[in-house]
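Open the model in a viewer and keep the sequence panel beside it. The stops below are given in the order in which to select them.

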Amino acid sequence: MLKTISSAVLGVLLLIPGILFAESPLAVDPQKTVMETERAFAATMANRDFEKFKSFLSEDAIFFSGETPMRGKQQIADAWEGFFEEPKAPFSWEPESVEVLESGSLAWSTGPVYDPEGNVVARFNSVWRLDASQQWRIIFDKGNDICNCP
């Protein structure tokens with residue numbers, strides 16, 4: 001009996017390091033996580049998945065396009081829905097650089113935007129916030145045309 005109890009206690013003790021030091025979502029590299037999130041966000045356009053696109057938007061997001069910013073998830077979704085209607089994506093993007101605050105709660109991503117032929121036509125800058133459910137959601141987005149300056 002004592003041998004059975006000792007074996008059980010030893011088994012539990014062997015599990016403790018794995019439990020204590022298991023990798024939590026917060027323990028992973030936040031830059032890598034935001035980079036992967038931005039790639040998944042971009043994949044929604046390539047895969048023509050409008051519902052998934054909307055899932056990355058924060059309720060209070062602001063997208064800058066034209067003279068008047070789009071405010072809130074619904075207004076952004078309404079404005080972007082047309083980009084998902086055709087079988088072929090009208091543009092694509094990919095993250096090139098990501099920075100995350102030491103607090104791990106806000107991040108910035110940037111990278112090129114491509115036309116359907118793969119030419120760089122703009123650059124995007126996005127700000128991401130880690131929400132209460134530990135999901136990164138985009139809160140600000142702004143694209144800038146490429147300058148062919150001398």
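Two strands are taken as paired here if DSSP finds at least two bridges between them. By that rule, start with strand β1, residues 57–64, and strand β7, residues 136–145: they run parallel and are joined by 4 bridges. Keep in mind throughout that this is a predicted model.

**The whole chain**

Before going further, colour the chain by secondary structure. The chain has 4 helices and 7 strands. Read from the N terminus, the order of elements is α-α-α-β-β-α-β-β-β-β-β. Of the 150 residues in the chain, 31% are buried. Switch on a surface and the chain exposes about 9800 Å², with carbon and sulfur atoms supplying 58% of that area. Among contacts in the chain with a separation of 6 or more, 42% are between residues 24 or more positions apart.

**Strand β7 and its partners**

Return to β7 and select Phe-63 together with Asp-141. Asp-141 is the bridge partner of Phe-63 in β7. Now add strand β6, residues 120–130, which pairs with β7 in the antiparallel sense over 9 bridges. Which residue of β7 is the bridge partner of Val-127? Select Phe-140 to see that partner. While the side chains are displayed, recall that in a regular strand they alternate between the two faces of the sheet.

Move next to the turn. β6 and β7 form a hairpin with 5 residues between them. Select Gln-134, which is placed in the loop between β6 and β7. Its phi is positive, about 65 degrees, although Gln-134 is not a glycine. Is Gln-134 buried or partly exposed? With a relative accessibility of 35%, Gln-134 counts as partly exposed.

**Helix α2**

Select residues 30–46, which form α2. The helix has 17 residues and spans 24 Å from its first C-alpha to its last, close to the 24 Å expected at 1.5 Å a residue. At the N-terminal end, show Asp-29, which caps α2: one of its side-chain oxygens lies 3.1 Å from the backbone nitrogen of Gln-31.

Now show the buried residues of α2, namely Val-34, Met-35, Thr-37, Glu-38, Phe-41, Ala-42, Thr-44 and Met-45. Zoom in on Thr-37, which has a relative accessibility of 12% and so counts as buried. What does Thr-37 touch, leaving out residues up to four places away in sequence? The residues to select are Phe-56, Trp-128 and Trp-136.

Just after α2 comes Arg-48, with a positive phi of about 60 degrees. Arg-48 is found in the loop between α2 and α3, and is a residue other than glycine. Its relative accessible area is 19%. Buried means under 20%, so Arg-48 counts as buried.

**Helix α4**

The last stop is α4, residues 73–80, where Ile-76, Ala-77 and Trp-80 are buried. Look down the axis of α4: its buried residues fall within an arc of 100 degrees, so they line one face of the helix. To see what covers them, select α2, α3 (50–55), β1, β2 (70–71) and β3 (92–93), which are among the elements covering the buried residues of α4.

Conventions. Residues are numbered from 1 along each chain as its sequence is written. This is a predicted model: local features need pLDDT of at least 70, side-chain atom pairs count only at pLDDT 80 or more; totals for chains, interfaces and linings use all residues. Side-chain values use heavy atoms; hydrogens and water are left out. Helices (H or I, at least four residues) and strands (E, at least two) are DSSP runs, numbered from the N terminus. Buried means under 20% relative accessible area, exposed over 50%, partly exposed in between (1.4 Å probe, protein chains only). Contact means heavy atoms within 4.5 Å. Accessible areas come from the Shrake-Rupley method with a 1.4 Å probe; for residues, only the protein chains shown count as cover. The arc is that of the directions from the helix axis to the C-beta atoms. The expected span of a helix is 1.5 Å times one less than its number of residues. A polar contact is a pair of N or O atoms within 3.5 Å; within protein, one must be able to donate a hydrogen and the other to accept it, and residues adjacent in sequence count only if both atoms are side-chain atoms.
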